[in-house]
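Student: Hi! I have a structure open and I'd like to walk through it with you. Can we go bit by bit?

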Amino acid sequence: MGAVRKILMYKIAIMATALAAVVMIGSVVLMTGPYNPFLASNGKAAQIARGYALYGVHCAKCHGKNLEGQPNWKSPLPNGRLPAPPHDKSGHTWHHTDEALRGITKLGLKPFAGDNYESDMPAFGAILSDEEIEAILAYIKSTWPERENTYQQQITRQSKAQPTE
Ligand code: HEC
């Protein structure tokens with residue numbers, strides 16, 4: 001009986017160690033992953049998680065699974081159109097105000113770059129709700145370092161302070 005008990009204890013110990021390892025690896029993946037839910041406040045974390053999922057479905061095929069954009073995104077394609085830029089800090093998404101980011105996602109680039117401007121960026125106004133667009137943008141922003149976030153918040157505040165026509 002003693003030997004069986006010992007083996008049982010041994011098995012439990014191995015299982016507990018394995019479980020601890022899974023929890024540890026899981027935490028590391030979460031903390032170093034594309035977004036960090038521990039850094040965001042709770043309601044925000046849910047919005048960001050939703051945005052992350054929606055981004056994967058609607059945006060990742062062009063802007064990259066990890067927001068890296070298409071290769072050579074600064075050089076026009078043979079058809080004259082521009083490739084999809086990254087949404088991480090190496091791109092210029094963070095140079096746009098909230099209003100511009102919402103607008104581009106909803107309406108595409110024509111309203112901003114002119115009716116004759118040809119672009120592969122789709123208009124998502126008929127596909128995504130305002131709330132969903134907001135969640136995607138919250139996810140994108142959650143990946144920016146403090147400097148880019150502060151800059152983007154500042155230009156957004158400044159644009160609101162200006163009188164609108
Ligand atoms: C079919 C490919 C494609 C998909 C899908 C796509 N985009 Fe784009 N997007 C582009 C391209 C190409 C550009 C650059 C267009 C240009 O400058 O002419 C762009 C530009 C943008 C810009 C402007 C970026 C900047 O730095 O000026 C934003 C914001 C943007 N996309 C958001 C999104 C979001 C959010 C989604 C998902 C809901 C999405 N895009 C899905 C192709 C795509």
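Student: Let's start with Arg50. Which helix is Arg50 in?

Tutor: Arg50 sits in helix α2. Keep in mind as we go that this is a predicted model.

Student: Got it. Is Arg50 buried, exposed or partly exposed?

Tutor: Arg50 counts as partly exposed, because it has 17 C-beta neighbours inside 10 Å. The cut-off for buried is 20 or more, and exposed takes 12 or fewer, so 17 falls in between.

Student: And how far apart are Arg50 and Ala135?

Tutor: In sequence, Arg50 and Ala135 are 85 residues apart, while in space their C-alpha atoms are 6.3 Å apart. Both residues belong to a contact between two helices, with Arg50 on α2 and Ala135 on α6.

Student: Ooh, tell me about that pair. What angle do α2 and α6 pack at?

Tutor: Helix α2 covers residues 42–58 and helix α6 covers residues 130–142, and they pack at an angle of about 100 degrees. Their axes are 7 Å apart. With that angle, α2 is roughly perpendicular to α6.

Student: Why does that angle count as roughly perpendicular?

Tutor: Because the roughly perpendicular range runs from 65 to 115 degrees, and about 100 degrees falls inside that range.

Student: Which residues of α2 and α6 make the contact?

Tutor: On the α2 side you have Lys44, Gln47, Ile48, Arg50, Gly51, Tyr52, Leu54 and Tyr55. From α6 come Glu132, Ala135, Ile136, Ala138, Tyr139 and Ser142.

Student: How many of those are nonpolar, polar and charged?

Tutor: The contact of α2 with α6 has eight nonpolar, three polar and three charged residues.

Student: Let me zoom out. How many helices and strands does the chain have?

Tutor: There are seven helices and zero strands. Reading from the N terminus, the elements go α-α-α-α-α-α-α.

Student: Ha, easy to remember! What percentage of the chain is buried?

Tutor: Of the 165 residues in the chain, 16% are buried.

Student: Which residues are in the largest nonpolar core?

Tutor: That core has 10 residues: Ile48, Tyr52, Tyr55, Cys59, Leu67, Ile133, Ala135, Ile136, Tyr139 and Ile140. Our two helices turn up again here, as α2 and α6 are the elements that give two or more residues to this core. The largest share comes from α6, with five residues.

Student: Why might nonpolar side chains end up together?

Tutor: As a general tendency, nonpolar side chains are buried together in soluble globular proteins.

Student: Let's pick one from the core. What is Ile140 in contact with, beyond its close sequence neighbours?

Tutor: Leaving aside neighbours within four places in sequence, Ile140 is in contact with Leu67, His87 and Thr93.

Student: Leu67 again! Where does Leu67 lie?

Tutor: Leu67 is in the loop between α3 and α4. Leu67 is buried, because 22 other C-beta atoms lie within 10 Å. Leu67 also has a positive phi of about 65 degrees although it is not a glycine.

Student: What sign of phi do most residues have?

Tutor: Most residues other than glycine have a negative phi. Asn72 is another residue to look at, with a positive phi of about 50 degrees although it is not a glycine. Asn72 is also in the loop between α3 and α4.

Student: Is Asn72 buried or exposed?

Tutor: Asn72 counts as exposed, because it has 9 C-beta neighbours inside 10 Å.

Student: New topic: the ligand. Which residues come nearest to the ligand?

Tutor: There are 23 residues around the ligand, and Cys59, Cys62, Ala84, Ser119 and Met121 come nearest. Helices α3 (60–63) and α4 (98–107) each supply at least two residues of the shell. The shell divides into 13 nonpolar, eight polar and two charged residues.

Student: Ala84 is on that list. How far apart are Lys61 and Ala84?

Tutor: Lys61 and Ala84 are 23 residues apart in sequence, and 9.6 Å apart in space from C-alpha to C-alpha. Lys61 is found in helix α3, and Lys61 is exposed, with 11 other C-beta atoms within 10 Å.

Student: Last one! Where is Asp130, and how far is it from Lys106?

Tutor: Asp130 lies in helix α6. Asp130 and Lys106 are 24 residues apart in sequence and 8.1 Å apart in space, C-alpha to C-alpha. Asp130 is exposed, with 11 other C-beta atoms within 10 Å.

Technical notes. Residues are numbered from 1 along each chain as its sequence is written. This is a predicted model: local features need pLDDT of at least 70, side-chain atom pairs count only at pLDDT 80 or more; totals for chains, interfaces and linings use all residues. Axes are lines fitted to C-alpha atoms, for helices over the stretch in contact, and angles run from 0 to 180 degrees between N-to-C directions. Helices (H or I, at least four residues) and strands (E, at least two) are DSSP runs, numbered from the N terminus. Angles under 35 degrees count as roughly parallel, over 145 as roughly antiparallel, 65 to 115 as roughly perpendicular and the rest as oblique. Two residues are in contact if their C-beta atoms, placed from the backbone, lie within 7 Å. Ala, Val, Leu, Ile, Met, Phe, Trp, Tyr, Cys and Pro count as nonpolar, Asp, Glu, Lys and Arg as charged, and the others, Gly among them, as polar. A residue is near a molecule or strand if its C-beta atom, placed from the backbone, lies within 6 Å of it. A nonpolar core is a set of buried Ala, Val, Leu, Ile, Met, Phe, Trp, Tyr and Cys residues joined through C-beta atoms within 7 Å.
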